[in-house]
Amino acid sequence: MKNMTLEKIAKVTEGKLVVPAGFAGVEKKEIQGAVNDNRKVEKDYLFIPMVGARVDGHDFIEGAFKDGALATLSERELENPVGPYILVKDSKLALKQIATAYRMELSIPVVGVIGSVGKTSTKEMITSVLSTKFNVLKTEGNFNNEIGLPLTICRIRDEHQVAVVEMGISDFGEMHRLGDIAKPDIVVMTNIGQCHLEFLKSRDGILKAKTEVFEHMPADGLVILNGDDDKLIDADTLGLKKIFYGMNNQQVNARDVQPIGLSETSATITAFGENFDVTIPLPGTHNVMNALAATAVGHTLGLTIEEIADGLSRAETISGRNNLIKIRDITIIDDCYNANPVSMKASIEVLGKAAGRSIAVLGDMGELGEDERKLHYEIGTALEDNHIGYVFTVGELSEEINKSLSNTNSSCMAHHYKTVDEMLVDLLPIIRGGDTILVKASHFMNFSHVVEALKTRLA
């Protein structure tokens, strides 16, 4: 990591560097990486032990040195240390301070992806486009919080030409802290939905919290906004240049959007007056929106239309996010990593395009605040509008989905259960050839168990 010597790290963290006998001169050495997981330690890395509810990272310091660590942080003085360490008050705070200092040493453009829904999918789409021309460092999985983001920044190396980082929050002030670390040159905002209402109270609150990032961008920074979102179309970007994308005659827009089965979507994209046709290997209009955001980023960073189209055609999803699993002639839509009203309705729309029987297995959506029951109840309308055949709901809040379908005398065959295991007893026997099964809920519902049970049954 450029210029990140142990001496400098001790300074930026306001820590005390302790150098045991036999390590003279080590304070001038640069670390090659920084991790908080001892299993990821490599030669000359800095190990950052953190104290969790169940595990104390300090217990793994000796092992980190055996695996080649140059040094470690520590929140307490170490007896007979086997290598250099920096004594700090708070390892988590120190990680942020290290990442913030390292970001100032970097000259590559950083793209921040922000929004209520679709951050990870959009980040993957942007990376796919930019990778046709650049060596891109991206956020792994959804390492988008106050630990994941600085760890991602610390992964940037000399060979990387662009970084694409996901930035996720749940309360006011968090985006200020993330923005201060990442200092993005380009920000993509996907939408202002109904996530984290428990803390942010309203969509206006969500907008206010997410746009904190603008205060941490350079004067020549660029904001790329979903122009179809009623909150973002009028968002105050503090004088920063902005580009809008969407379906409604924005600077980057799409028309003739057509599903190709459940796995692809075709569209004609117009970007700054240029048109091109593309087939995106992902389902749903929401993925076309992600493609438009990626197109805007690619154009901004100098990619040709041909390079952008090539990147879009190679886009991939990740496990738990609209991931299609084919077993014989049965399709499982694995979208169980997370859920909110917007993403739930988008996934139901995709399921509605299935040729055979459609089965929705849905669970509770978290952090929706005082309107959580109403927002679950409204999912029933999406199920009915998309003519979903069978609906299996699990959880206290998801019972509202079942009530909605019952109250409207829906044609959906709806069943509700208190637990996943009870639901599986009824679900597994009815599956037959040609079925398409959507599995979606917030992460805490552990619906990955449903996906694994389906795969085992159908194997």
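Leaving aside neighbours within four places in sequence, I153 is in contact with A99, Y102, R103, V165, I181 and A182. This residue belongs to helix α5, which covers residues 148-153. In this predicted model, I153 has a relative accessible area of 0% and is therefore buried, the cut-off being under 20%. Its C-alpha atom lies 18 Å from that of N38, a residue 115 positions away in sequence.

A further buried position is T100, located in helix α3 (residues 91-103). With residues up to four places away in sequence not counted, T100 touches D180, I181 and K183. I181 thus appears among the contacts of I153 and among those of T100.

**The chain as a whole**

The chain contains 16 helices and 20 strands. Its radius of gyration is 24 Å, close to the 23 Å that the globule rule gives for 459 residues, so the chain is as compact as a globular protein of that length. Along the principal axes, the C-alpha trace spans about 75 × 55 × 40 Å. Of the 459 residues, 56% count as buried. The exposed surface of the chain amounts to about 19,600 Å², of which carbon and sulfur atoms supply 47%. Among contacts with a separation of 6 or more, 64% are made by residues 24 or more positions apart.

**The nine-stranded sheet**

An open sheet is formed by 9 strands in the order β7-β8-β6-β9-β10-β11-β12-β13-β14, with mixed pairing. The edges are occupied by β7 (136-138) and β14 (274-280); each has a single partner strand, so one side of each is left without a neighbour in the sheet. On average, neighbouring strands of this sheet are turned by 20 degrees against each other, direction ignored. At the β7 edge, the partner is β8 (residues 162-166), and the two strands pair in the parallel sense over 3 bridges. One bridge joins K138 to V164 of β8.

**Helix α9**

Helix α9 lies across several strands of the sheet, including β6 (110-114), β9 (186-189), β10 (222-226) and β14, and runs at about 140 degrees to β12. How far apart are the end C-alpha atoms of α9? They are 23 Å apart, which agrees with the 22 Å that the 16 residues of the helix (residues 285-300) should span at 1.5 Å a residue. The helix is mostly covered, with 12 of its 16 residues buried. Among these buried residues are N287, V288, M289, L292 and V297. After the helix comes G302, whose phi is positive, near 90 degrees.

**Residues with positive phi**

Most residues other than glycine have a negative phi. L238 has a positive value although it is not a glycine, and E367 is likewise a residue other than glycine with a positive phi. The table sets out the accessibility of these two residues together with that of the two buried residues described above.

| Residue | Location | Relative accessibility | Class |
|---|---|---|---|
| I153 | helix α5 | 0% | buried |
| T100 | helix α3 | 18% | buried |
| L238 | loop between β10 and β11 | 49% | partly exposed |
| E367 | loop between β17 and α12 | 32% | partly exposed |

The phi of L238 is about 60 degrees, and that of E367 is near 60 degrees. The loop that holds E367 connects β17 (358-363) with α12 (372-377).

How values were computed
Residues are numbered from 1 along each chain as its sequence is written. This is a predicted model: local features need pLDDT of at least 70, side-chain atom pairs count only at pLDDT 80 or more; totals for chains, interfaces and linings use all residues. Side-chain values use heavy atoms; hydrogens and water are left out. Helices (H or I, at least four residues) and strands (E, at least two) are DSSP runs, numbered from the N terminus. The expected span of a helix is 1.5 Å times one less than its number of residues. Buried means under 20% relative accessible area, exposed over 50%, partly exposed in between (1.4 Å probe, protein chains only). Two strands pair if DSSP finds at least two bridges between them. Axes are lines fitted to C-alpha atoms, for helices over the stretch in contact, and angles run from 0 to 180 degrees between N-to-C directions. Contact means heavy atoms within 4.5 Å. The radius of gyration is taken over C-alpha atoms; the globule rule is 2.2 Å times the number of residues to the power 0.38. Accessible areas come from the Shrake-Rupley method with a 1.4 Å probe; for residues, only the protein chains shown count as cover.
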